[in-house]
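Please walk through the model shown below, beginning with a single acidic residue and moving outward from there.

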Amino acid sequence: MRTAYSVETVRAAERALMARLPEGALMQRAAAGLAAACAELLGRVYGSRVVLLVGSGDNGGDALYAGARLARRGAGVTAVLLSPERAHAGGLAALRRAGGAVAANSAATAEELVERADLVVDGIVGIGGKGGLRPGAAALAEAAELSRAAVVAVDLPSGVEAGTGEVLGAAVRADLTVTFGTYKPGLLVDPAREYAGVVRLVDIGLELPGEGELEALQHADVARLLPVPGAESDKYRRGVVGIAAGSARYPGAAVLAVSGALRGGAGAVRYVGPAGDAVIARFPETLVSDRGPAKAGRVQAWVTGPGAGEDAATVAEVLGTDVPVLLDADGLRLADRDTVRGRTAPTLMTPHAGEAAALLGVRREEVEGRRLAAARELAAVYRATVLLKGSTTLVADAGGGAVRVNPTGTSWLATAGSGDVLSGLAGSLLAAGLRALDAGSTAAYLHGLAGRFAAQGAPAGAHEVSEQIPEAWRDVRY
């Protein structure tokens, strides 16, 4: 599992480690890892042109010491000092001893150097940076983006918010970010994540607590969570999920939700709603009822909302049950907030940014710009687990704690009906007994993989995504 920690936690761990190490040793560890990553990216260090964008903090020192290592290997290294009087003295001296140069303090000279570079190292601002880059640094960031040079960010791209993933102004767009000690939330959450490029973690010996701000599941984590039937399993022990979805206008939503549930490993699926004929035609193993959720038969979890239209009565009936409930699409709009807050069984809400914005009473752009805060706020307001869909899907638990961020998402999932498939998949995991946080994050992980597999070589729709869920399951387990 990849774990990201808050800025305060990282700084405390760095202070504790520096107190035990010789002066400057921690920075040398970081610089060594940074230089190695830069050399690997360059391929051929000797004769390459490297430009360091050096700010006044420790990130600038890391860049200078790494530049000195590259200069000793034959690279032509030039440092652009954004605050010459505050540049790291030891790093600057090391660069000069290694044969590196310092550029004249001229914006035109600096931008020309960046345009001709093979590699640009962004050491402008560290994890404490707030509010985007200042004009001079912003001009250099733009020049780096427009150049042919590879851009490497030191710890995180300058201008992004380390703790939240927000981007509140101009920021560096990196091809590679070399981060030290641990991941920072801004490296895993959009919009900041898209500025980071590939992220490489360098271990510098930090001692960190068990739980962080963010967690990103990996294959091994998901494999441990996936429910696997035992010798004595039957369809009821594997989990029966109820799907109360679809309408005369949107029967396809019911079909897609059922497909996600069946391919997600449910022992059985009970469908309630007006799209029974469409569901049976596609999935004859589905148990269809037209008597409402209360009389549909035993289930271990319900999914309600996809394609529901204005059927508030069914949504309310499902929320009145004592089993886990997944709320999606129209169900999010139709659900009474106080009813959701008062439930004793788990509730998993799965909004996209627009739906989350409507529930919070804010603009969609606000949710997209501060995804981590929005997911946490929505979970707190509704006392529910919230899966906020998007470019980086987040799962925030009702009880707080680390937020799960999904690393497998793909833009190919931005297609009609994809969310309905995800709802059914997550519902099947709820019915199998996974807690809401695990069901949501595991479903998002498998859904992302399925989207990637479905889109290999050609665009794919929600139906093709659902068909790839078993392949995603197999990829994780084997």
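In this predicted model, Asp330 has a relative accessible area of 18% and is therefore buried, the limit being under 20%. Its side chain forms a salt bridge with that of Arg333, at 3.1 Å from N to O. Both residues belong to helix α13, where a spacing of 3 residues places them about one turn of the helix apart.

Arg333 has a further partner, since its side chain also meets that of Glu310 in a salt bridge of 3.2 Å, N to O. Here the connection reaches beyond the helix: Arg333 is in α13, whereas Glu310 sits in the loop between β13 and α12, so the pair ties together parts 23 residues apart in sequence. Arg333 is partly exposed, at 45% relative accessibility, and Glu310 is exposed, at 60%.

A salt bridge within one helix is also found in α8 (residues 219-225), where Arg224 and Asp221 are 3 residues apart, or about one helical turn. Their side chains meet at 2.7 Å, N to O. The two ends of this bridge differ in their surroundings: Arg224 counts as exposed at 62% relative accessibility, while Asp221 is buried at 8%. Across the model, the count comes to 23 salt bridges. Some of them share partners, and in this way Glu215, Arg404, Arg435 and Asp438 are joined into one network.

Attention now turns to helix α12 (residues 312-319), whose buried residues are Thr314, Val315, Val318 and Leu319. Viewed down the helix axis, these residues fall within an arc of 135 degrees, so they line one face of α12. Among the elements that cover them are the strands β10 (240-244), β13 (301-304) and β14 (325-327), together with the helices α13 (330-334) and α14 (337-342). Helix α13, which carries Arg333 and Asp330, is thus part of the cover over the buried residues of α12.

The nonpolar interior remains to be described. The largest nonpolar core contains 56 residues, and those with the most contacts inside it are Leu34, Val50, Leu52 and Val121. Helix α2 (residues 25-42) supplies the largest share of this core, 10 residues. Leaving aside residues up to four places away in sequence, Val50 touches Leu42, Leu70, Ala75, Gly76, Val77, Thr78, Leu119 and Val121. Another core, of 52 residues, lies apart from the largest one and includes Val395, Tyr445, Ala454 and Ile469.

How values were computed
Residues numbered from 1 in each chain as written. Predicted model: local features only at pLDDT ≥ 70, side-chain atom pairs only at ≥ 80, totals over all residues. Heavy atoms only, no water. Core = buried A, V, L, I, M, F, W, Y, C linked by side-chain atoms within 4.5 Å. Buried < 20%, exposed > 50% of the residue type's maximum accessible area, 1.4 Å probe, protein only. Helix = DSSP H or I, 4+ residues; strand = E, 2+ residues; numbered from the N terminus. Contact = heavy atoms within 4.5 Å. Arc of directions from axis to C-beta. Salt bridge = Lys/Arg side-chain N within 4 Å of Asp/Glu carboxyl O.
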